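Subject: Handing over a structure

Dear colleague,

I am passing this structure on to you, together with some notes on what was found in it. Please look through the sequence and the structure before you read further.

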Amino acid sequence: MKKVGIVMGSDSDLPVMRKATDTLSALGIPFEVHVYSAHRTPVQAKEFAESARENGFGAIIAAAGMAAHLAGAIAANTTLPVIGIPCKSSVLDGIDALLSTVMMPSGIPVATVAINGGVNAALLCAQILAVEDKELANRLDEKRRKDACAVLEKDAAVAAELNK
Ligand code: RP5
């Protein structure tokens with residue numbers, strides 16, 4: 001199976017990225033994590049993106065906060081699908097990173113998930129890899145079934161308490 005590349009602009013983004021790594025691990029998807037910044041280590045970020053396809057990656061998650069250029073910078077240097085996670089910072093609550101990540105000019109797409117959306121970034125990567133992987137697609141179907149069951153259990157608990 002292809003690996004998922006996970007790049008974050010700073011180790012301060014790690015709590016968000018752990019949601020992505022936990023989700024990928026639960027689905028049995030291999031990944032590789034790096035801290036590369038579009039601003040502080042632009043050379044390393046560029047080299048990672050340029051070599052990602054030949055290094056066995058099938059999709060890349062790029063997470064950054066504030067003036068979040070990382071996902072766009074990664075996407076500029078690969079035609080692998082890039083999922084951008086805008087990370088919430090202390091000043092503008094992540095709106096800064098959301099707009100920086102989502103508003104890519106035509107030609108260089110970044111599939112942007114919600115602010116701090118580590119789980120959905122991982123699931124989107126899984127769904128991309130599952131296009132050519134029936135076993136992974138089955139695992140995703142099973143996860144949907146389990147998640148739905150968990151909601152129905154909550155429905156039953158809330159109904160039992162409040163629907164008198
Ligand atoms: C961004 O700046 C990083 O992705 C991080 O979200 C934010 C702050 O970085 P630190 O100052 O915590 O290293 O580049």
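Thr78 counts as buried because its relative accessible area is 13%, and the limit for a buried residue is anything under 20%. In this model, which is a predicted one, Thr78 is found in the loop that runs between α3, residues 70-75, and β4, residues 82-87. From that loop, the side chain of Thr78 reaches the backbone nitrogen of Leu80, and the distance given for this contact is 3.0 Å.

Strand β4, which follows that loop, is the place of Ile83. Ile83 also counts as buried, because its relative accessibility is 1% and buried means under 20%. Ile83 and Gly9 are 74 residues apart along the chain, and their C-alpha atoms are separated by 14 Å.

Gly9 leads on to the ligand, since Gly9 is one of the residues that surround the ligand, the others being Ser10, Ser12, Asp13, Arg40, Ala64 and Gly65. Sorted by character, this shell comprises one nonpolar residue, four polar ones and two charged ones. Three contacts with oxygen atoms of the ligand can be described in turn. An N or O atom in the side chain of Ser10 is 2.6 Å from an oxygen atom of the ligand, and a polar side-chain atom of Ser12 lies 2.7 Å from an oxygen atom of the ligand. With Gly65 the backbone takes part, as a backbone N or O atom of this residue lies 3.0 Å from an oxygen atom of the ligand. Taken on its own, the ligand has 360 Å² of accessible area, and the protein covers 72% of that. As for where the ligand is placed, it sits in the largest pocket.

It may help to set these details against the chain as a whole. The protein chain has 164 residues, of which 41% count as buried, and its secondary structure comes to six helices and five strands. If you read along the sequence, these elements follow the pattern β-α-β-α-β-α-β-α-β-α-α. Taken along the principal axes, the C-alpha atoms of the protein chain fill a box of roughly 60 × 40 × 30 Å.

Two residues deserve a look for their backbone angles. Met66 has a positive phi of about 60°, although it is not a glycine, and it lies in the loop between β3, residues 57-65, and α3. Met66 counts as exposed because its relative accessible area is 52%, and exposed means over 50%. Asp93 likewise has a positive phi of about 60° without being a glycine, and its loop is the one between β4 and α4, residues 95-102. Asp93 counts as partly exposed, because its relative accessibility of 45% falls in between the limits of 20% and 50%.

Further along the chain, Met103 has its place in the loop between α4 and β5, the latter being residues 111-112. Met103 is exposed, because its relative accessibility of 61% is over 50%. From C-alpha to C-alpha, Met103 and Gly72 are 9.4 Å apart in space, while in sequence they are 31 residues apart.

The place of Thr112 is in strand β5. At 24% relative accessibility, Thr112 counts as partly exposed, because this value lies in between the limits for buried and exposed residues, under 20% and over 50%. The C-alpha atoms of Thr112 and Thr101 are separated by 6.6 Å, the two residues being 11 apart along the chain.

Finally, Asp22 lies in helix α1, which takes in residues 14-26. Asp22 is exposed, because its relative accessible area of 54% is over 50%. Between the C-alpha atoms of Asp22 and Leu99 the separation is 26 Å, and along the chain these two residues are 77 residues apart.

With best wishes

Terms used:
Residues numbered from 1 in each chain as written. Predicted model: local features only at pLDDT ≥ 70, side-chain atom pairs only at ≥ 80, totals over all residues. Heavy atoms only, no water. Near = heavy atom within 4 Å. Polar contact = N/O pair within 3.5 Å; in protein donor to acceptor, adjacent residues only side chain to side chain. Areas by Shrake-Rupley, 256 points an atom, 1.4 Å probe, with all protein chains shown as cover. 1 Å grid on protein atoms, 1.4 Å probe; cavity = no way out; pocket = protein on both sides within 12 Å on 5 of 7 lines; lining within 4 Å. Sits in = over half its atoms within 2 Å of the grid points. Nonpolar A, V, L, I, M, F, W, Y, C, P; charged D, E, K, R; others polar. Helix = DSSP H or I, 4+ residues; strand = E, 2+ residues; numbered from the N terminus. Buried < 20%, exposed > 50% of the residue type's maximum accessible area, 1.4 Å probe, protein only.
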